[in-house]
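Me: Could you pick one part of this structure and take me through it closely? I'd like to know what sits against what.

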Amino acid sequence: MIIKEFNIDLENKKIANGYVEDKEALKIWIHFALRTERYKYLIYSWNYGNEINNIIGKKTTKELFFSEVKRYIEECLVVNENITGIKDLKINRDGSKLNIEFTCMSIFGEVDINENL
């Protein structure tokens, strides 16, 4: 199945001309899904977005924190039928900021993701 998204330059945070498909479209979908808080916006389905904010700021062990963030990321992404899984997840926490890196496996091939949340 071909997916299509607006062409967005994620590095410069600008909308570019036209559309992108497949892997590039999936990167954009992942970018926004990881930045959208689930259940917060009526415009989105309750299946869209993530719940990472549920764990941010709570006193937990390091192991529980990383386990929960991993679970929230996986739950966020598996709703997309083009995504088959993630691997090599690395999570770095710097105060209230998270840097996540992983490889997303999809029907279009592997997509490397590096996001600061």
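Reply: Two residues are in contact, or touch, when they have heavy atoms within 4.5 Å of each other. With that in hand, let's start at His31, a residue of helix H1. (Helices are DSSP runs of H or I with at least four residues, strands are runs of E with at least two, and both are numbered from the N terminus.) His31 touches Leu10 and Glu115, if you leave out residues up to four places away in sequence. At 11% relative accessibility it counts as buried; that means under 20% relative accessible area, against over 50% for exposed and partly exposed in between, with a 1.4 Å probe and protein chains only.

Bear in mind that this is a predicted model, where local features need pLDDT of at least 70 and side-chain atom pairs pLDDT 80 or more, while totals for chains, interfaces and linings use all residues. Numbering runs from 1 along each chain as its sequence is written, and side-chain values use heavy atoms, without hydrogens or water.

Now the sheet. Three strands make an open, antiparallel sheet, in the order S3-S4-S5. S3 (83–94) and S5 (109–116) are the edge strands with a single partner each, so one side of each has no neighbour in the sheet. From one strand to the next, the twist averages 10 degrees. Strands pair if DSSP finds at least two bridges between them. S3 and S4 (residues 97–106) have nine bridges, in the antiparallel sense, and one spot to find on screen is Ile83, whose bridge partner in S4 is Ser106. On the other side of the sheet order, S4 and S5 are also antiparallel, with eight bridges. Here you can look for Met105 standing opposite Glu110 of S5. S4 and S5 form a hairpin, and two residues lie between them.

Back to H1 (residues 22–35), which lies across S3, S4 and S5 and runs at about 35 degrees to S5. Helix H2 (residues 62–77) packs on the sheet too, where it touches S3 and S4, and its direction makes about 140 degrees with that of S3. (Axes are lines fitted to C-alpha atoms, for helices over the stretch in contact, and angles run from 0 to 180 degrees between N-to-C directions.)

The two helices also meet each other: the axes of H1 and H2 come within 10 Å and cross at roughly 130 degrees. On the H1 side, Trp29, Ile30, Ala33 and Leu34 make the contact, and on the H2 side Ile73, Cys76 and Leu77 do.

For a residue that ties these pieces together, try Phe102, which is in strand S4. With a relative accessible area of 4%, Phe102 is buried. Its contacts, not counting residues up to four places away in sequence, include Ile30, Leu34, Ile73 and Leu77. Ile86, Leu89, Val111 and Ile113 are among the others that Phe102 touches, and so are the charged-looking names Lys87, Asp88 and Asp112.

Finally, there's the N-terminal hairpin. Strand S1 (residues 4–9) and strand S2 (residues 14–21) run antiparallel, joined by five bridges. Lys4 stands opposite Glu21 in S2. Four residues lie between S1 and S2, and in this hairpin Lys13 takes a positive phi near 55 degrees. As for where this leaves Phe102, the C-alpha atoms of Phe102 and Asn12 are 21 Å apart in space, and the two residues are 90 apart in sequence.
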